[in-house]
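Biologist: I have not looked at this protein before, so could you take me through it step by step, with each term explained as it comes up?

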Amino acid sequence: MEKRLLLAAALSLGVLLLWEWIIPKPPRPVPVSTPVPAAATPVSAAAVPAAPSAAPVDAPASASAATVTTLSNGIIEAAVSNRGAVLESLVLKQHFDDQKKPLELVRALPAELPRPLGLDFGKDKELTRRVADALFVVERESDRVLRFHYADPTVSVTKEIRLMAGYLFDVKVTVAGPPYSLLVGPGLRNPTQVERTSRYVMPGSAVALTVDGLKIVGPDKAAAAQEWSLPIRGFAGIEDNYFLEVLAPKTPATARVLSFSIPRPEGKPAVEIATAVAAQGTLECVAFFGPKDIAVLKSTGLGLEKTVDFGWFGILAPPLLFLLKKAYGWVGNWGLAILVVTFLVRAALFPLTAKSYLSMKKMQKLTPKMNAIRDKYKKAKTDSAQRQKMNTELMALYQSEGHNPMSGCLPVLLQLPILFAFYNVLSRTIELRHAPFFLWIRDLSAIDGSYVLVILMTVSMYVQQAMTPAAMDPAQKKVFMFMPIMMGFFMKDMPSGLALYWLFSNLLTILQQLAMSRLVKEDPAPPSGKGTKAFKQARA
């Protein structure tokens, strides 16, 4: 039975190592250089090096120079270029980058790559390039409505972009010509060097709500000719941990992923992806460019809140987020809110913690008897029958003393889902992005580069182990002595808010053990009856 205790600890470590291993690594930092179309991907003529286009022929009107027109509603500010009638910039005024500047959602990429709301004509590379380079005629209907017109002998394009409240646009595109696709992306915002090298930060990935449910494809998984069928309330776009840009067509449509290859000095080319909604004639969409704030996403009525995925422990994450928001409303600091929620979690687990402590005290009392049984069979390590008999005697001992050796592991095993749920909340909740705590902790969603929290957390685990009643054989002791180091390694690249949660949880556990050590002076007497009789029979 003592092997089960060792197995439980080993499985706990195994879960941590497996979870660390299966998280996909992000692409390396992408240097800015001349792009070329990715091989074996849907063709996008916008990826072909641009060349000056001829002035529109037979157009009702023509623009003589490239201009940028701005739309703003106080929350976002969009800069739309008449060259291709695309978004050159989209700034979120209530969210900021690492330089404390309003956050830019449009990825800074070489000019040859397309921009959001650009058009792609599939295999007709020349037409895609010509429309992307064309200078559209601009009509400004109001402060929030722009119309763009372009025509030549082979195609006529009209775009209407209407800025709505919040983070929404109405987009209407009419093309007299071949089938086309309306794009969002490539990429999303401009991640920092730290974000690009972190394996825990999602790179800009394609996302779509299809007839078969939510689909997510990262740059490293994008496949040629990958298409999705969108229902009436479907959408397609690009997302990362905290932000989202999508097109939600007002009628059923088809979405596909476009890949663009950017050479790097070393290694294989980096990949940026865009998502395209296919159409012919007129396409009407609602576009969202903004944060993955659950309340904001729900308010759109488009089902965008489904993009906030809390992973394996999604059942636990929403209650934790609810408690964090309530606590933040009381204390006004997200770090303090984490401490409040940690206290509530430890209070809820206290009955199990107390039971675990009593179980370990009882196990400590049984150690001499357990060692006597092991010594009796220590020369029969390769005799399976004798080992089975030893385990039977140990089981009889546990039964006679009314002890379950697995009860000591239960609180640790229960904390693992809570730990993962906390991680998902911290890494996917926009409110915690750039949220400070105090002193050197300026962003609870980022790594603590000083590793002070991780070191304190590791030390607190050793203190907790020293205070825990020990009744382990040498092999078990080695596993448990190594566990704090494993947890420290596991947490070093995690959000500092997660290390704060685990550190404070350890400190509360230490206080609980101090209190219980004062209250529990003696172990309860072992029960008499059938269990004792079974133990005596096994020893006979």
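Biologist: What share of the contacts in the protein with a separation of 6 or more comes from residues 24 or more positions apart?

Modeller: This is a predicted model, in which local features need pLDDT of at least 70 and side-chain atom pairs count only at pLDDT 80 or more, while totals for chains, interfaces and linings use all residues. Residues are numbered from 1 along each chain as its sequence is written, and side-chain values use heavy atoms, with hydrogens and water left out. Contact here means heavy atoms within 4.5 Å. Among contacts with a separation of 6 or more, the share from residues 24 or more positions apart is 70%.

Biologist: Which helix gives the most residues to the largest nonpolar core?

Modeller: A nonpolar core is a set of buried Ala, Val, Leu, Ile, Met, Phe, Trp, Tyr and Cys residues joined through side-chain atoms within 4.5 Å, where buried means under 20% relative accessible area, exposed over 50% and partly exposed in between (1.4 Å probe, protein chains only). The largest such core has 108 residues, and those with the most contacts inside it include Phe-422 and Met-491. Helices are DSSP runs of H or I with at least four residues, and strands are runs of E with at least two, numbered from the N terminus. With 8 residues, the element that gives the most to this core is H8.

Biologist: Is Ser-445 buried or exposed?

Modeller: Ser-445 is found in the loop between H8 and H9, and, leaving aside neighbours within four places in sequence, Ser-445 is in contact with residues including Tyr-242, Leu-426 and Pro-495. Because its relative accessibility is 16%, Ser-445 counts as buried.

Biologist: Which residue forms a salt bridge with Arg-130, and why does the pair tie together parts that are apart in sequence?

Modeller: Side chains of opposite charge can pair when their charged atoms come close. A salt bridge is a side-chain nitrogen of Lys or Arg within 4 Å of a carboxyl oxygen of Asp or Glu. Arg-130 lies in helix H2 (residues 125-133) and its partner in the loop between strand E8 (145-151) and strand E9 (156-163), so the pair ties together parts that are 22 residues apart in sequence. With the closest N and O atoms 2.7 Å apart, the partner of Arg-130 is Asp-152.

Biologist: Which residue forms a salt bridge with Glu-239?

Modeller: Glu-239 is in strand E15 (residues 235-239), and the partner sits 53 residues apart, in the loop between strand E19 (282-291) and helix H4 (294-299). Both residues of the pair are buried. The closest N and O atoms are 2.7 Å apart, and the partner is Lys-292.
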